[in-house]
Amino acid sequence: MIKNLLVNAAAIDQLCSDDVIKMFITWIDTYNEAHFRIIREIYREPGITRYEIWMRLHGTEVREDSAEADLFKLLIHELSLGMIIRQFREKDDSGNFLKQARKNSSASGSNLMKSAFDDDKPYHLTELGRWFVHYTMNDEVPKPENAS
């Protein structure tokens with residue numbers, strides 16, 4: 001990944017700032033293969049849910065209270081906190097995120113907590129996450145759209 005980043009950074013005029021390249025190197029050092037597998041699945045299919053990611057990576061369901069579920073929640077959390085992935089948000093034509101309408105809570109709702117394998121909230125890469133994949137997980141490539 002470091003090789004790809006350096007080759008791609010050198011091949012393209014003004015890829016992005018040195019600070020962004022340093023951050024990508026830090027991400028490569030910080031995250032592990034389990035993180036990168038999740039990133040790859042989201043890159044391959046923007047809008048994929050946590051359940052779909054889990055099933056593609058592991059192929060079998062596990063209990064919500066299992067160590068596997070806890071680890072999966074942690075990996076998703078770390079990637080979200082790191083601004084590499086996020087749940088889908090509506091945007092206006094200028095790229096501003098729109099507030100979601102508040103849902104009234106109903107007395108007939110489920111008494112179960114949100115699942116680690118939620119199947120109704122789509123995930124996608126952030127723009128910075130998209131740059132990261134583009135420059136580190138691909139062979140030599142042209143500059144992505146919207147890169148500055």
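In the predicted model, His35 is in contact with Leu75, Glu78 and Leu79 when its neighbours within four places in sequence are set aside. His35 belongs to helix α3. With a relative accessible area of 4%, His35 is buried, since a value under 20% marks a residue as buried.

These contacts of His35 form part of the packing of α3 against α5. The axes of the two helices come within 10 Å and cross at roughly 70 degrees. Helices α3 and α5 are therefore roughly perpendicular to each other. On the side of α3, the contact is made by Ala34, His35, Ile38 and Ile39, and on the side of α5 by Phe72, Leu75, Ile76, Glu78 and Leu79. By class, the residues of this contact divide into seven nonpolar, one polar and one charged.

The chain in which these helices lie has six helices and two strands. Along the sequence, the elements follow the pattern α-α-α-α-α-β-β-α. The chain comprises 148 residues, of which 36% count as buried. Where contacts between residues at least 6 apart in sequence are considered, 69% join residues at least 24 apart.

Helix α3 also packs against helix α4. Two packed helices are described by the angle between their axes and the distance between the axes. For α3 and α4 the angle is about 115 degrees, and the axes are 10 Å apart. The crossing in which α3 passes α4 is right-handed. In this contact, Arg37, Ile38, Glu41 and Ile42 of α3 meet Ile53, Arg56 and Leu57 of α4. The contact of α3 with α4 has four nonpolar and three charged residues, with no polar residue. Ile38 of α3 thus takes part in the contact with α4 and also in the contact with α5.

The third pairing is that of α4 with α5. Helix α4 spans residues 50-58 and helix α5 spans residues 67-81; the two pack at an angle of about 120 degrees, with their axes 12 Å apart. Helices α4 and α5 are therefore oblique to each other. As in the pairing of α3 with α4, the crossing in which α4 passes α5 is right-handed. The contact joins Arg50, Ile53 and Trp54 of α4 to Glu68, Phe72 and Ile76 of α5. Four of the contact residues are nonpolar and two are charged, while none is polar. Phe72 and Ile76 of α5 serve in this contact and are also among the residues of α5 that meet α3. Ile53 of α4 likewise appears in the contact with α5 and in that with α3.

The residues that α4 brings to its contact with α5, namely Arg50, Ile53 and Trp54, are buried in α4. Seen down the axis of α4, its buried residues fall within an arc of 95 degrees, so they line one face of the helix. The elements that cover these buried residues include α3 (33-44), α5 and β2 (123-125). Just after α4, Gly59 takes a positive phi of about 75 degrees.

Further features concern α5 and the loop that comes after this helix. Lys73 is found in α5 and is partly exposed, with a relative accessible area of 36%. Lys73 and Ser115 are 42 residues apart along the chain, and their C-alpha atoms are separated by 9.2 Å. In the loop between α5 and β1 (85-87) lies Met83. Most residues other than glycine have a negative phi. The phi of Met83, by contrast, is near 65 degrees, a positive value in a residue other than glycine. Met83 is partly exposed, with a relative accessible area of 40%.

Helix α6 covers residues 127-136. Seven of its ten residues are buried, so α6 is largely enclosed by the rest of the structure. The buried residues of α6 are Gly129, Trp131, Phe132, Val133, His134, Tyr135 and Thr136.

Terms used: Residues are numbered from 1 along each chain as its sequence is written. This is a predicted model: local features need pLDDT of at least 70, side-chain atom pairs count only at pLDDT 80 or more; totals for chains, interfaces and linings use all residues. Side-chain values use heavy atoms; hydrogens and water are left out. Axes are lines fitted to C-alpha atoms, for helices over the stretch in contact, and angles run from 0 to 180 degrees between N-to-C directions. Helices (H or I, at least four residues) and strands (E, at least two) are DSSP runs, numbered from the N terminus. Angles under 35 degrees count as roughly parallel, over 145 as roughly antiparallel, 65 to 115 as roughly perpendicular and the rest as oblique. A crossing is left-handed if the near helix is turned anticlockwise from the far one by less than a right angle, and right-handed if clockwise. Contact means heavy atoms within 4.5 Å. Ala, Val, Leu, Ile, Met, Phe, Trp, Tyr, Cys and Pro count as nonpolar, Asp, Glu, Lys and Arg as charged, and the others, Gly among them, as polar. Buried means under 20% relative accessible area, exposed over 50%, partly exposed in between (1.4 Å probe, protein chains only). The arc is that of the directions from the helix axis to the C-beta atoms.
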